[in-house]
Amino acid sequence: MIPSQLLKGTLEGCLLEIIRRREIYGYEISQELARCGFGPISDGTIYPLLMRLEKNGCIAATYRSSAAGPRRKYYTITPAGEAQLRQFCASWGELSAAVQGLFEKEEPCNGQENR
Amino acid sequence: MDRKTAELNHLNNETDALLQGDYQRAITDIVCFLRLKNVDDYQVEVIRNDVTDLLLRSQEQGRSVEEALGGDIRGFCDTLLENAGKKSFGAAALENLQSALICLMVLTGLSFLASTVEKAVICLRTGTAFDWQWDITAGDVATWLVLSAAVFGILYIALSSPSTGKPTRRRKGEALAFGVGVTGGCLLLAWLSASYLPDTVLRLPAVPAGAVYLLAGAVFLIRRLVRKRRSAGG
C-alpha cells in the first residue's frame, strides 16, 4: 500500500488522467485507481480532491438520475484541466527522473553495491 | 431557501432516509458542521447529495463509515470546508440579524407575558383595577442584552468546535454541565437584575404591545409553514 503522504501531491494529477480518458462516475474512479495498483483509496480521500478540481475549473460535473438512490455525479475534463494535467506530467517526469537518477548513481539504501 | 435549494433539499431528505445507523449519524454531523460554518445553502445540499451517494454505496458493500470516509471524519469535514463556497458577508450578516431579532422578541415576549400574568393575579387577589401599562425595568433590559450576548457566545463556540463522530460519555457530561451552568447563570442574572435594577425605564401600552407580539408570532409561523410546504412540494 502506498503511504498517504507519498500519494498526496500526485493523486490530483492521477485523477485528472483518469477523467481525461472518459466521462466517469465518482465511484468508478476509486475502482480504476485500485486496478492500476494504487491499493484501496477511500472515497473520502477522493471526493474532496474532485471538489477542488471542480472548483478550480479543471473538471466539470453532470448529474444523472439513478434508480438506486441520489443523483450520480459524472466528471469530464475541461481545457483548464488538460493544461494542468500537461503541467503535472512534466513535473512528474522531472521528479521521477531525479529520484531514479539518485537511486541509480548512489549506493542503494540497503547498503548493497549498485551493479 | 430558494426554490432550487428547496428542491434539492427535498430530494436529499428522501435519499438520506435510505442510510442506517452510523451512516445516518455521519451525514447528519457533516451537514450540521457545514451549516454551522456558514457554507452556502445550495452548496450544502450539493455536498449532501454527493456524500449520501458515497455512503449508500459503502453501506451496500457492508463497509464502515470510517472505511468510507478514510478514517478521519473531522479531517474529511475540514477538507470539504476548504473547497465549499461560503455565504456572502451580506447573507451571513442578515441571518445573524434575524437570529438576534428572534432572540430578543422571544425574551421580551416572555417577559411581557410574565408581567401581564403577575399583574392579573395581583388584580384578582386585591380587587384593584388592571394596569394597562407594561413596565420595563433597567434589570429587564440588562437581562435581555446579556442573554442575547450568551446566545451569540454559544453559537460562536458551536462554530469553532465542530462535533463529528459519536458523542462520548465525557462529551455528554460536558454538555450537561454546560446546560446546568447556563440555566443557573440565567436564574442568577434574573435575581440580580430584579434586586439591583428595579427602576422602570420604559412604560408601554400593554394592548398594542401584545398585538405586536401576536402579529410577529403569526408571521414567523406562517413563514415556517410556507418554507416547509415549498420544500415538501419540491
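Helices are DSSP runs of H or I with at least four residues, numbered from the N terminus. In the predicted model examined here, B:T28 lies in one such run, helix α2 of chain B, which spans residues 21-36. The relative accessible area of B:T28 is 40%, and the residue is therefore classed as partly exposed. A polar atom of the B:T28 side chain is placed 2.7 Å from the backbone oxygen of B:Q24. B:T28 is also 9.2 Å from B:R48, C-alpha to C-alpha, with the two positions 20 residues apart in sequence numbering.

The contact between the two chains was examined next. Chain A contributes 17 residues and chain B contributes 27 residues. About 1,800 Å² is buried between chain A and chain B, and carbon and sulfur atoms account for 54% of this area. On the side of chain A, 31% of the area buried against chain B is supplied by A:Y47, A:M51 and A:P70, which is more than any other three residues give. The polar part of the interface comprises 11 residue pairs in polar contact, with both residues at pLDDT 80 or more. Two elements of chain A, α4 (43-55) and β3 (72-77), give two or more residues to the side that touches chain B. Helix α4(A) has the largest share, with seven residues. Sorted by class, this side of chain A holds eight nonpolar, three polar and six charged residues.

B:T15 illustrates the contact from the side of chain B. This residue is found in helix α1 of chain B, residues 3-16. Its relative accessible area is 10%, so B:T15 counts as buried. Leaving aside residues up to four places away in sequence, B:T15 touches A:G69 and A:P70 in chain A, together with B:T52 and B:L56 in chain B. A:P70 is also one of the three residues that supply 31% of the area chain A buries against chain B.

Salt bridges were then considered. The structure holds 17 over all chains, and three of them are counted between chain A and chain B. In one, B:R57 pairs with A:D43, with the closest N and O atoms 3.2 Å apart. A:D43 also meets B:R63 in a salt bridge, at 3.8 Å from N to O. Because A:D43 lies in helix α4 of chain A and B:R63 in the loop between α3 and α4 (65-69) of chain B, this pair joins two chains. The accessibilities of the partners were computed as 5% for A:D43, which is buried, and 24% for B:R63, which is partly exposed.

Within chain B, B:R57 forms a salt bridge with B:D53, the closest N and O atoms being 3.4 Å apart. Both residues lie in helix α3 of chain B and are four residues apart, about one turn of the helix. B:D53 is buried, with a relative accessible area of 8%, and B:R57 is likewise buried at 8%. A further salt bridge links the side chains of B:R203 and B:D135, at 2.5 Å from N to O. B:R203 belongs to strand β2 of chain B (residues 200-205) and B:D135 to strand β1 of chain B (residues 133-137), so the pair ties together parts that are 68 residues apart in sequence. B:R203 is partly exposed at 45% relative accessibility, and B:D135 is partly exposed at 27%. Through shared partners, salt bridges join A:D43, B:D53, B:R57 and B:R63 into one network.

Helix α3 of chain A (residues 26-35) was analysed for buried positions. A:G26, A:Y27, A:I29, A:S30, A:E32 and A:L33 are buried in this helix. The cover over these buried residues includes α2 (11-21), β1 (24-25), α4 and β3 of chain A, together with α3 (41-60) of chain B. Just after α3(A), A:G37 takes a positive phi of about 100°.

Cysteines were examined last. The number of disulfides over all chains is zero. For A:C14, the closest cysteine sulfur is that of A:C36, at 8.6 Å, which is too far for a bond. A:C14 is buried, with a relative accessible area of 16%. A:C58 is also buried, at 3% relative accessibility.

Notes: Residues are numbered from 1 along each chain as its sequence is written. Chains are lettered from A and ligands numbered from 1 in the order in which they are written. This is a predicted model: local features need pLDDT of at least 70, side-chain atom pairs count only at pLDDT 80 or more; totals for chains, interfaces and linings use all residues. Side-chain values use heavy atoms; hydrogens and water are left out. Contact means heavy atoms within 4.5 Å. Buried area is the accessible area (1.4 Å probe) that two parts lose on being put together, summed over both. A salt bridge is a side-chain nitrogen of Lys or Arg within 4 Å of a carboxyl oxygen of Asp or Glu. A polar contact is a pair of N or O atoms within 3.5 Å; within protein, one must be able to donate a hydrogen and the other to accept it, and residues adjacent in sequence count only if both atoms are side-chain atoms. Ala, Val, Leu, Ile, Met, Phe, Trp, Tyr, Cys and Pro count as nonpolar, Asp, Glu, Lys and Arg as charged, and the others, Gly among them, as polar. Buried means under 20% relative accessible area, exposed over 50%, partly exposed in between (1.4 Å probe, protein chains only). A disulfide is a pair of cysteine sulfur atoms within 2.5 Å.
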